[in-house]
Amino acid sequence: MSDASLHASPYENEAQFGDYFALLKPRVMTLVVFTAFVGLLAAPVGVHPFIGFCAVLFIAVGGGASGALNMWYDSDIDAVMKRTAKRPIPAGKVSRDEALAIGLTLSVFAVVFLGLATNWVAAGLLAFTIFFYVVIYTMWLKRLTPQNIVIGGAAGAFPPMIGWAAATGDISTASVLMFCLTFLWTPPHFWALALFVRMDYDNATVPMLTVTHGRRATRRHILVYTVLLAIFAIGLGFTQVGGPVYLGTSLLLNALFLKGAVQIARRDEAQAEADSYKVEKKFFKLSLLYLFAHFGAILVDAGLDRLGVWG
Amino acid sequence: MSLVKEHELHKRRRGRNIGVGLVLAAFIAIIFGLTVVKVTRGDFQMQQQQGVTDGN
C-alpha cells in the first residue's frame, strides 16, 4: 500500500452541494430564466411581481430538472466526451440513481408549483417541455438523427412561451413566434460552432450533421435556417410584442446574420482553414448577440410601452 | 479524545448541509410569500351563494 493511499480520505469523492447544483446545468438555466422573464413581461397582462418571480423560478427549476434527467440518461456518452467527462455523474460524485431522483422530484415540484402560483396552461407547457427534452430528444432522437440539434433547440425554445402563458393563461401568435425565434436560432448557432471546434461526438456515437452529411451540407443548412429565422424574427416585430426598438434591432441583426450565413455557405474548407475559420467564428459570436439583443429589445419595447412612450 | 471532536466526514458535509438548509428556508419563504400575495389579492375568496345574496 502506498503512502498516498494510506492518507487518502474515503470521503474525497463525496458530492458537495455544488455538484448537485451542476446537475441542473446552470449555464443553460440562465438562458431559460432570461427568455422566460421576457415572455412574462412582454405579455399584455400584468403579473404581481412576487408571482412573476416565482413563475420564472419554477420554470428555471423545471429546466434544471430536465437537465438532471438528461445527465442521468446520457451518463454513458458524457463519460467518453472531453467536454462532459467532468460532469457530476461521470466524475463519480453523484450516482445515476441520485440524479434520476433529483430530476423527477424537481420536475413534479416545478410543474405543480407553477400551476398553483400561476395557471395550469403554463404548468402543462412546462410539463410538456420536460417530457420533450427528456423523452423525445434525450432518449429517442438524439442518438438517432443528425437533426438532433433542431429537436433539442425546440426544448430550449419553450421558456418564453411558458412565461407568456404564466401571465395570460393562453398561447398566442406572439408567444409562438418567440418560441420560433430560439428554435430556429439554435441550429445555425450550434452548427457554426461545430464547423470550427473539433467535437468528439463520434466517440459517443451521436450523429452530428458535420460528420453524417459533411461540412458542405452543414454550411447549406446554416443558410437555410438563417433565412427561415429572419422571416420569423422580423415577423415577430409585427405582433403585439413588437415595437420600434425590436423592429430596428431585428432588421439590423438579421441583415448581418444573413450576410454571415451567405459567406459561410459560399466558403469551402480550404478557404476556412486558410483564415482559421474567421467567418465562422464571427458568425458564432454574432449569434450570441443576436438572441440576447432580440429578447432584450422585446423587453425594452414592453418597458417603454408601459411608460406610455409610444402613446 | 474530546467528545466534540469533529470527524472529517462532518467537515466535508458542512457545505452540503448548509446548502440544503438554505434551499429549505427559501422554499418556506416562497410558499409563505405566495400565500400572502394570493390571500391579499382575494384569490381564495369563496363566492357567495346565490341564495344568500337573494335573501332566500
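The legends below accompany close-up views of a predicted model.

**View 1. The bend in helix α7 of chain A and the cap at the N-terminal end of this helix.** Helix α7 of chain A, which spans residues 120-141, bends by about 30 degrees at A:F132. The N-terminal end of α7(A) is capped by A:N119, from which a side-chain oxygen lies 3.1 Å from the backbone nitrogen of A:V121. The capping residue A:N119 is found in the loop between α6 (96-117) and α7 of chain A, and with a relative accessible area of 16% A:N119 is buried. The side chain of A:N119 also reaches the backbone oxygen of A:A166, at 3.3 Å.

**View 2. An edge-to-face pair of phenylalanine rings, A:F128 and A:F158, in chain A**. Over all chains, a search of the whole structure finds 19 aromatic pairs. One of these is formed by A:F128 and A:F158, with 5.7 Å centre to centre and 85 degrees between the planes, an arrangement that is edge-to-face. Because A:F128 lies in helix α7 of chain A and A:F158 in the loop between α8 (148-157) and α9 (159-168) of chain A, the pair ties together parts that are 30 residues apart in sequence. The partners are described separately in terms of accessibility: A:F128, at 39% relative accessibility, counts as partly exposed, whereas A:F158, at 8%, counts as buried.

**View 3. A stacked pair of tyrosine rings, A:Y133 and A:Y137**. The aromatic pair formed by A:Y133 and A:Y137 is stacked, with 5.4 Å centre to centre and 20 degrees between the planes. The two tyrosines are 4 residues apart in helix α7 of chain A, so A:Y133 and A:Y137 are separated by about one helical turn. Both A:Y133 and A:Y137 are buried.

**View 4. The aromatic cluster that includes A:F128 and A:F158**. One aromatic cluster is formed by A:F128, A:F131, A:F132, A:F158, A:F179 and A:F183. Among its members is A:F132, the residue at which helix α7 of chain A bends by about 30 degrees. The edge-to-face partners A:F128 and A:F158, whose ring centres are 5.7 Å apart, also belong to this cluster.

**View 5. Packing of helices α12 and α13 of chain A**. Helix α12 (residues 214-236) and helix α13 (residues 244-266), both of chain A, pack with their axes 9 Å apart and at an angle of about 170 degrees. Because of this angle, α12(A) is roughly antiparallel to α13(A). The crossing in which α12(A) passes α13(A) is left-handed.

**View 6. Crossing of helices α9 and α10 of chain A**. The axes of α9(A) and of helix α10 of chain A, the latter covering residues 173-196, come within 7 Å and cross at roughly 160 degrees. The angle therefore makes α9(A) roughly antiparallel to α10(A). In passing α10(A), α9(A) makes a right-handed crossing.

**View 7. A polar contact between A:E14 and B:R13**. The side chains of A:E14 and B:R13 are joined by a polar contact of 2.8 Å, which links a residue of chain A with a residue of chain B. On the chain A side, A:E14 lies in the loop between α1 (3-7) and α2 (17-22), and at 17% relative accessibility A:E14 counts as buried.

**View 8. Two residues of chain A with positive phi, A:K25** **and A:S276**. Most residues other than glycine have a negative phi. In A:K25, however, phi is near 50 degrees, a positive value in a residue other than glycine; A:K25 lies in the loop between α2 and α3 (26-42) of chain A and, at 13% relative accessibility, counts as buried. A:S276, likewise not a glycine, has a positive phi of about 55 degrees. The loop that holds A:S276 runs between α14 (269-274) and α15 (278-306) of chain A, and A:S276, at 46% relative accessibility, counts as partly exposed.

**View 9. The separation of A:A91 and A:L181**. The C-alpha atoms of A:A91 and A:L181 are separated by 35 Å, and the two residues are 90 residues apart along the chain. A:A91 is found in the loop between α5 (75-80) and α6 of chain A, where A:A91, at 30% relative accessibility, counts as partly exposed.

Note on methods
Residues numbered from 1 in each chain as written. Chains lettered and ligands numbered in written order. Predicted model: local features only at pLDDT ≥ 70, side-chain atom pairs only at ≥ 80, totals over all residues. Heavy atoms only, no water. Bend = angle between axes of the 7 residues up to and from the residue. Polar contact = N/O pair within 3.5 Å; in protein donor to acceptor, adjacent residues only side chain to side chain. Phe/Tyr/Trp six-rings, centres within 6.5 Å; stacked < 30°, edge-to-face > 60°. Buried < 20%, exposed > 50% of the residue type's maximum accessible area, 1.4 Å probe, protein only. Axes fitted to C-alpha atoms, helices over the stretch in contact; angles between N-to-C directions. Parallel < 35°, antiparallel > 145°, perpendicular 65-115°, else oblique. Left-handed = near helix turned anticlockwise from the far one by under 90°.
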